[in-house]
Amino acid sequence: MRISDILAQRQSFSFEIFPPKGDLSVEQAEDIAKELCANQPDWISVTFSAGGSGNSERTADIGRRIERSVGTTALAHLTCLGSSRADVDAYTRRLQSAGIENVLALRGDRAPGREAIDFTYASDLIPYLKDEGFCVGGACYPEGHVECESISQDLDNLKRKVDAGADFLVTQLFFDNEDFYRFRELCDRKRIKVPIVCGIMPFTSVSQLQRMTFNCGASIPAKVVKRLVAAGDDPLAQQRAGIEYACEQVVDLGNNGVDGIHIYSMNRPQIGRATHDALVASGYLSA
């Protein structure tokens with residue numbers, strides 16, 4: 001099913017998983033997707049690893065299994081930095097043969113040796129994917145992209161994505177819902193009218209939170225810091241604090257009429273279950 005059709009009908013609920021690395025097999029990734037599907041998501045997204053890791057093929061394989069074995073809509077990520085038109089053609093053919101209709105178009109992280117070839121930005125990739133018949137999503141950043149000098153510049157870039165044909169947007173993680181509400185108002189003023197799905201990543205440790213905020217530029221509100229101080233050095237207490245905080249976030253977002261909630265589950269089904277149960281209790285989801 002096309003995600004644009006889902007969002008036209010209701011507030012959505014979805015998860016993200018990433019392709020296996022190391023000892024994790026594709027079959028185990030499929031098992032994780034099945035566990036997540038017990039929470040009745042509208043779709044599951046699968047991340048894309050560029051740079052020759054081989055995980056791009058696994059993205060298509062896992063997406064196929066989500067669609068055919070698990071029975072849920074798949075959203076396949078695609079990063080364009082460092083990819084030629086031939087690379088993108090080969091990948092989209094794999095997606096099409098797997099029955100995947102939805103793609104999240106991304107520029108991808110800059111890295112040594114990874115330069116633009118045929119696509120410089122996601123806004124260059126989006127119309128190409130639209131011409132191939134995909135429902136296409138784009139990324140957005142409630143606090144502004146880490147490389148942008150201002151939120152105004154970032155909104156101009158986002159408007160280009162939407163004007164290029166993006167059907168919906170998924171946010172980068174954020175920890176203060178007020179940042180998203182301000183961003184939503186700015187998008188409305190900018191005439192960015194496509195659905196915006198909120199991406200939430202529960203932190204599970206102090207070190208993980210530090211990595212996430214450094215990589216994407218998300219700010220850490222005082223209320224998060226206080227919870228971590230209360231958790232102390234106990235890893236289980238840190239994880240519990242992070243999941244509880246994320247559950248409070250998603251309930252508040254649901255109550256404030258967001259278009260959808262997307263959980264960066266980090267391949268941990270227990271995170272999916274906790275957020276699902278919180279949203280059922282709040283009335284956002286039916287039991």
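Ser83 sits in the loop between β3 and α4. Helices and strands here are DSSP runs, H or I over at least four residues for a helix and E over at least two for a strand, numbered from the N terminus. Ser83 counts as buried because its relative accessibility is 8%. For that word the cut-offs are under 20% relative accessible area for buried, over 50% for exposed, and partly exposed in between, with a 1.4 Å probe and protein chains only. Leaving out residues up to four places away in sequence, Ser83 touches Val88, Ile117, Asp118 and Phe119. A contact means heavy atoms within 4.5 Å.

Before I go on: this is a predicted model, in which local features need pLDDT of at least 70 and side-chain atom pairs count only at pLDDT 80 or more, while totals for chains, interfaces and linings use all residues. Residues are numbered from 1 along each chain as its sequence is written, and side-chain values use heavy atoms, with hydrogens and water left out.

Staying with α4, residues 85–97, that helix holds Asp87. Asp87 is partly exposed, because its relative accessible area is 42%. From Asp87 to Leu125 the separation is 38 residues in sequence and 12 Å in space, C-alpha to C-alpha.

Now the sheet. Eight strands close into a barrel, in the order β1-β2-β3-β4-β5-β6-β7-β8, with parallel pairing. On average, neighbouring strands of this sheet are turned by 25 degrees against each other, direction ignored. Those angles come from axes, which are lines fitted to C-alpha atoms, for helices over the stretch in contact; angles run from 0 to 180 degrees between N-to-C directions.

Take one pair of strands. β2, residues 43–46, and β3, residues 73–79, pair in the parallel sense over four bridges. Pairing requires that DSSP finds at least two bridges between the strands. Trp43 has Thr73 in β3 as its bridge partner.

Two helices pack on this sheet. Helix α10, residues 235–255, touches β7 (196–200) and β8 (260–264), and its direction makes about 165 degrees with that of β7. Helix α11, residues 269–282, touches β1 (12–17) and β8, and its direction makes about 170 degrees with that of β1.

Further along the barrel, β5, residues 135–140, runs parallel to β6 and is joined to it by four bridges. Gly138 has Leu169 in β6 as its bridge partner. Which way do the side chains of β6 point? Phe168 and Val170 point one way and Leu169 and Thr171 the other, and all are buried. In a regular strand the side chains alternate between the two faces of the sheet.

Next, charges. How many salt bridges does a search of the whole structure find? The search finds 15. A salt bridge here is a side-chain nitrogen of Lys or Arg within 4 Å of a carboxyl oxygen of Asp or Glu.

I will go through three of them. Glu30 and Arg65 form a salt bridge, with the closest N and O atoms 2.7 Å apart. This pair links distant parts of the chain, with Glu30 in helix α2 (residues 26–37) and Arg65 in helix α3 (residues 55–70), 35 residues apart. Glu30 is buried at 11% relative accessibility, and Arg65 is buried at 16%.

The second is Asp167 with Lys130, where the closest N and O atoms are 2.9 Å apart. Asp167 lies in the loop between α6 (151–163) and β6 (168–171) and Lys130 in helix α5 (residues 122–131), so this salt bridge ties together parts that are 37 residues apart in sequence. Asp167 is buried, with a relative accessible area of 19%, whereas Lys130 is partly exposed at 29%.

The third is Glu185 with Arg189, at 4.0 Å from N to O. Why are these two separated by about one helical turn? Because they are four residues apart in helix α7, residues 177–189. Glu185 is partly exposed at 47% relative accessibility, and Arg189 is exposed at 64%. Elsewhere, salt bridges that share partners join Glu27, Glu30, Lys34, Asp61, Arg64 and Arg65 into one network.

Last, the surface. Ile220, Val225 and Val229 make a nonpolar patch of about 250 Å². Patches are made of residues with over 30% relative accessible area and no salt bridge, joined within 9 Å for like charges and within 5 Å for nonpolar side chains (Val, Leu, Ile, Met, Phe, Trp, Tyr). The areas come from the Shrake-Rupley method with a 1.4 Å probe, and for residues only the protein chains shown count as cover. Ile220 lies in the loop between α8 (206–216) and α9 (222–231), and at 35% relative accessibility Ile220 counts as partly exposed.
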